[in-house]
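Here are some notes for a colleague who is meeting this structure for the first time. They are set out as numbered points, to be read beside the sequence and the model.

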Amino acid sequence: MKEKIIIFDTSLRDGEQSLRTSLNIEKKLKIALALEKLNIDIIEVGFPISSPEDFNAIVNISKVLKKSKICSLARCVKKDIDAAAEAMKISKNFRIHIFLGTSPLHIQSKLKKNFSEILELSVSSIKYAKRYTNDIEFSCEDASRTPIDNLCYIVEQTIKAGASTINIPDTVGYATPNEFSKVIQHLYNSVPNINKAIISVHCHNDLGMAVANSIAAIQFGARQIEGTINGIGERAGNTALEEVIMAIKIKEDLLNVYTNIDHKKIYETSKIISRVCQVFIPSNKAIVGSNAFSHSSGIHQDGIIKNRKNYEIIIPESIGFKKHKLNLTSRSGRAAIKYHMQMMGYNETEYNIESLYTAFLKLADNKGQVFDYELETLAFIDPIEYNTNYFNLKNFDIHYQLTGNIIVKLEVSCGENIRTKIIQTKIGIFHAIFSILNDISNLSMTLKKITLFSEGNKIENSGQVNVTIIYKKRKFYGIGTSHNIFKSFIKSIIHVLNDIWKSQKVFLKLIKNSHQHSLKN
Ligand code: KIV
Ligand code: ZN
């Protein structure tokens with residue numbers, strides 16, 4: 001029978017302590033609720049003795065968590081344990097997580113003690129915490145660098161003292177999967193009362209092996225995995241829980257275990273954590289990276305169209321990701337072009353695949369990724385028209401007045417006409433530029449996202465601006481580069497304006513064609 005793996009999230013404790021700015025209560029609540037929605041079994045919400053803010057946040061989170069069990073961290077110090085119990089007392093059912101370094105390095109150079117003192121402190125702290133709850137987790141900090149006999153002995157004694165979960169952290173991400181699984185195996189073979197506690201692992205990612213170590217530990221009996229969503233945490237981070245969860249799901253039969261996680265919420269939760277913590281997710285990040293379900297090579301795209309399983313081991317929709325993407329690049333073949341056109345509702349008889357493919361390759365060679373709206377435009381307007389821009393920047397000026405006001409002036413040619421507009425603002429130069437261009441173009445666009453890549457420490461320095469703009473529910477992407485970041489921004493929007501203008505031309509052309517067609521019939 002498959003056994004359950006308890007998922008323990010420490011985004012609000014180990015994750016939070018690694019962030020550049022600490023999270024306020026509102027943000028912590030948002031994360032805690034998102035984790036609960038994901039069905040995380042245990043949420044470690046903080047280290048209450050560390051600050052009054054942390055303590056208050058834990059009190060507030062205790063009030064809202066209904067399904068997930070709340071847990072707080074404490075050193076082997078009475079006042080830490082009291083604070084943890086006090087902060088969580090609103091919850092009927094909470095866990096206290098006590099930790100102490102067990103490796104010679106930690107014992108001697110950090111704690112200035114000997115092993116017997118560590119043992120005594122651990123046992124007495126667990127016994128003390130028992131007055132508040134029976135759910136006590138004990139962590140042997142730096143376990144992977146602790147001599148195995150010492151580790152076995154402290155695990156045995158802390159279980160005897162009443163710890164119901166024993167956590168074996170690879171605190172500095174030092175172990176390899178083979179080494180780490182041997183530690184877990186050894187504990188199961190040597191600790192007489194091991195079956196009276198759940199064995200947990202908590203791996204850091206310094207050598208990029210946190211997820212592999214966690215999976216290896218499962219194979220040798222660990223039944224709780226600790227980590228964070230997106231792998232945020234000290235230094236190189238913690239075990240990325242979404243990766244462990246999906247590895248368990250995909251390899252369920254091999255590992256013979258399962259989790260209670262609501263897989264469909266993984267993508268959404270990852271996005272929330274990334275946004276709230278302001279930790280960017282690399283595009284190639286497993287499971288939740290924006291490229292995780294994108295296929296670029298022509299051979300792969302053809303294979304995906306024939307059968308998704310050819311190149312996909314995870315169905316993107318199963319983690320709440322909308323769908324796989326076939327990136328249109330110069331490596332894409334005709335099959336991918338036809339697929340994209342079909343997704344936009346075009347039948348192969350409505351366009352010429354050969355001339356479209358030639359025009360597409362030319363554009364892709366020039367600019368890299370080609371978007372659907374560009375493909376559509378290439379299919380229906382000729383290359384000369386495609387390369388003619390309706391909107392062009394003629395002039396721009398930003399004038400800083402002594403009063404603190406800023407005057408933004410733009411001059412743009414729109415076909416034959418030149419349009420000029422001036423806006424006076426206090427601080428919002430980007431906003432002023434966008435609203436001028438919206439006005440001048442008569443298009444009602446919404447700025448969805450702006451990313452600046454600027455060198456140097458001044459906003460006026462050279463750089464690139466990428467924008468995502470919504471127009472009539474459709475996404476358009478613009479890029480602008482220049483020696484001045486504001487000019488780059490203007491160029492990125494003008495880029496989009498021209499793309500919208502071209503796609504409108506296509507729209508009008510298609511309407512005209514269908515009108516003529518219906519007149520003929
Ligand atoms: O990495 C670690 O050892 C920890 C402990 C407090 C569990 O975070
Ligand atoms: Zn840690």
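1. A residue is called buried here when its relative accessible area is under 20%, exposed when it is over 50%, and partly exposed in between, with a 1.4 Å probe and protein chains only. By that scale His-202 counts as buried, at 5% relative accessibility, and Asp-14 is buried too, with a relative accessible area of 2%.

2. On reading the values: this is a predicted model, in which local features need pLDDT of at least 70 and side-chain atom pairs count only at pLDDT 80 or more, whereas totals for chains, interfaces and linings use all residues. Residues are numbered from 1 along each chain as its sequence is written, chains are lettered from A and ligands numbered from 1 in the order in which they are written, and side-chain values use heavy atoms, with hydrogens and water left out.

3. The zinc ion (ligand 2) has as its protein donors Asp-14 (OD), His-202 (NE2) and His-204 (NE2), which lie 2.0 to 2.2 Å from it; donors are N, O and S atoms within 2.8 Å of the metal (3.2 Å for Na, K and Ca), and sites may look incomplete because water is not among the atoms. Along the sequence these donor residues follow the spacing D-x187-H-x1-H. Distant parts of the chain are linked in this way, with Asp-14 in helix H1 (residues 11-15) and His-202 in strand S8 (residues 198-203), 188 residues apart; helices (H or I, at least four residues) and strands (E, at least two) are DSSP runs, numbered from the N terminus.

4. Asp-14 and His-202 also face ligand 1: the side chain of Asp-14 has an N or O atom 3.1 Å from an oxygen atom of this ligand, and the side chain of His-202 likewise has one at 3.1 Å from a ligand oxygen. For Thr-171, a polar side-chain atom lies 2.7 Å from an oxygen atom of ligand 1. Ligand 1 taken alone exposes 260 Å², of which the protein buries 94%, with accessible areas from the Shrake-Rupley method and a 1.4 Å probe.

5. A separate place to look at is Asn-438, which lies in helix H18 (residues 429-441) and is buried, with a relative accessible area of 16%. Its side chain reaches the backbone nitrogen of Met-445 at 2.9 Å. Apart from neighbours within four places in sequence, Asn-438 is in contact (heavy atoms within 4.5 Å) with Leu-443, Ser-444 and Met-445.

Key
Polar contact = N/O pair within 3.5 Å; in protein donor to acceptor, adjacent residues only side chain to side chain.
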